[in-house]
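Q: I should like to learn how to read a sheet and a nonpolar core in a structure that is new to me. Where should one begin?

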Amino acid sequence: MTVTSAGHTSSPVLVAQGLDAGYDGVPVVRGLDLVINQGEVVALLGANGAGKTTTLLTIAGLLPPISGRLTVLGEVAHDERGRGRRVRRNSLTRTWRRARRGLSLVPEDRGLFPGLTVNEHLRLSKSKTNTSNTSNDILDLFPALAPLRTRQAGLLSGGEQQMLAIARALATMPKLLMVDEMSLGLAPIIVERLLPLVRSAAAATGAGVLIVEQHVHMALAVSDRAAVMSRGVVTVQGDSRELEARSDILESSYLGEN
Ligand code: ATP
């Protein structure tokens, strides 16, 4: 156990070991080894079709793993390594149970209800265990949303909708937050403003965060560690600062040459 720079006690909220994931028993992600600690931001990078969303869906429990070991929030969700041992129907095998224990996924399409207001989204997501005034606490992190409290989600700009999607996820007080392609459909300048908010949220709440991002340099700037996936395999994984400095490694790993 270590203590992060944000002062949070660091223990893993996610451990994937040799994880194969995919569709109808056909793996599109192979041999994934990934650890995320409390308060840590990890970026999952890679070209289109590399397997990033498949990874997130599998961690969230929306797709069953094919093989390997997956431990989410301290509990083994799947274990099938060689000997065919497999955890079935335990408390984490169902997505809603995983969510209840503290996993939150912001999907690519953001999953908002266009007819509900900002306040309504936050109220609906308020964690039962959180007795504080969640909406106010969360809106402190996203001040641009504060004047829009009574506006319907469908009337927000793309960037405001993304902020709401993340704010809603944070209102559940997640211990593991996963954000898929936050930048989809957004201008780079908006992404540049949004990504640091995810960093602040991790620091403020102690949640471990996994972001999938196409804007490689922006993702490296806000993350502690990064993994680059190419054709279903993580080709390079390491400290974000070091990867940022080694564009040659990044480029070749994107091409699957590492
Ligand atoms: P992008 O950045 O374009 O979203 P990605 O890295 O998130 O890509 P995935 O969406 O995980 O990639 O897709 C990985 C592979 O799995 C791709 O080859 C894709 O065609 C395939 N795939 C995705 N969804 C399904 C599905 N429902 N059934 C079968 N194959 C799928």
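Q: Which residue of E6 does Asp20 stand opposite?

A: In this predicted model, Asp20 faces Ser67 of E6. The two strands concerned are E3 (residues 12-23) and E6 (residues 67-72), which pair in the antiparallel sense over five bridges.

Q: In what order do the four strands of the open sheet lie?

A: A sheet is read from one edge to the other. Here the order is E4-E3-E6-E7, with antiparallel pairing. Strand E4 (26-37) and strand E7 (75-80) are the edge strands, each of them pairing on one side only. From one strand to the next, the twist averages 15°.

Q: Which strands does helix H1 touch?

A: Helix H1 (residues 52-60) packs on the sheet and touches E3, E4 and E6. The direction of H1 makes about 115° with that of E3.

Q: Which residues touch the most other members of the largest nonpolar core?

A: A nonpolar core is a set of buried nonpolar residues joined through side-chain atoms within 4.5 Å. The largest one here has 44 residues, and those touching the most other members are Leu45, Leu122, Phe142, Leu145, Leu164 and Ile211. Helix H5 (residues 158-171) gives the most to this core, namely eight residues. Domain 1 (7-79 + 91-101 + 173-257) and domain 2 (109-172) each supply at least three residues to this core.

Q: What does Leu164 touch?

A: Leaving aside residues up to four places away in sequence, Leu164 touches Leu112, Val118, His121, Leu122, Leu145, Ala153 and Leu156. There is also a second, separate core of 26 residues, including Leu19, Leu103, Leu210 and Met229.

How values were computed: Residues numbered from 1 in each chain as written. Predicted model: local features only at pLDDT ≥ 70, side-chain atom pairs only at ≥ 80, totals over all residues. Heavy atoms only, no water. Buried < 20%, exposed > 50% of the residue type's maximum accessible area, 1.4 Å probe, protein only. Domains from an automatic or database assignment. Contact = heavy atoms within 4.5 Å. Pairing = 2+ DSSP bridges. Axes fitted to C-alpha atoms, helices over the stretch in contact; angles between N-to-C directions.
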